[in-house]
Amino acid sequence: MDAIVTPDLLDELLDVISRPRLARYELDDDVVGAILELVWPGMPRVGIQAVLRDVDDRIVVEAAVAGAADAIVTGDKSLLDAADLVAWLAHRGISVITPADLLELLEG
């Protein structure tokens, strides 16, 4: 299994890891810099047309399509419960699953 990263997803990651509730993990600038150095080369820039409930989900969907992902693993209800989007992605061979679903797949 490969992770797919785009510049927009990386921006989202940087935003999320700087939030106060994640401060307990003590991700300092050196750690963030190391992440950037690992994932920045070769990141695709993509664009798609899809109807999304939450515009912030666009970067996840774009990355999945650009990277020909097998699945989007998320706990985000706006992605999991979007039947039209889930069907659109399924037509492209991309499942939308929860982390628990992924663990079941890996164990079984």
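The following paragraphs lead through a predicted model of one protein chain, from its overall plan to a few single residues.

Residues are numbered from 1 along the chain as its sequence is written. Because the model is predicted, local features need a pLDDT of at least 70 and side-chain atom pairs count only at pLDDT 80 or more, while totals for chains, interfaces and linings use all residues, and side-chain values use heavy atoms, with hydrogens and water left out.

The protein chain has 6 helices and 2 strands, where helices (H or I, at least four residues) and strands (E, at least two) are DSSP runs numbered from the N terminus. Read from the N terminus on, these elements follow the order α-α-α-β-α-α-β-α. The pLDDT, which is the predictor's confidence in each residue on a scale from 0 to 100, averages 80 over the protein chain, and 81% of the residues score at least 70. Among the elements, helix 2 has the lowest mean pLDDT, 72, and strand 2 (residues 95-97) has the highest, 96.

To describe the inside and the outside, a residue is called buried under 20% relative accessible area, exposed over 50%, and partly exposed in between (1.4 Å probe, protein chains only). By this rule 26% of the 108 residues count as buried. Contacts, meaning heavy atoms within 4.5 Å, also link distant parts of the sequence: of those with a separation of 6 or more, 55% join residues 24 or more positions apart.

Helix 3 (residues 58-66) is a good place to look inside, with I59, V61, E62, A63 and A64 as its buried residues. These buried residues pack against helix 1 (7-17), strand 1 (71-73), helix 4 (77-80) and helix 5 (83-91). The largest nonpolar core (a set of buried Ala, Val, Leu, Ile, Met, Phe, Trp, Tyr and Cys residues joined through side-chain atoms within 4.5 Å) has 11 residues, including V61, A64, L85 and L89. Helix 3 and helix 5 each supply at least two residues of this core. In soluble globular proteins, nonpolar side chains tend to be buried together.

The loops on either side of helix 3 hold two residues to compare by eye. D57 is found in the loop between helix 2 (29-39) and helix 3, and D57 counts as buried because its relative accessibility is 5%. Leaving aside residues up to four places away in sequence, D57 touches L52, D76, S78 and L79. A68 lies in the loop between helix 3 and strand 1, and A68 counts as exposed because its relative accessible area is 61%. Although A68 is not a glycine, its phi is positive, about 50 degrees. Most residues other than glycine have a negative phi.

What, finally, do the side chains of D15 and R19 form? They meet in a salt bridge, with 2.8 Å from N to O; the term stands for a side-chain nitrogen of Lys or Arg within 4 Å of a carboxyl oxygen of Asp or Glu. The structure holds 1 salt bridge. D15 counts as partly exposed because its relative accessibility is 37%, and R19 is likewise partly exposed, with a relative accessible area of 32%. Side chains of opposite charge can pair when their charged atoms come close.
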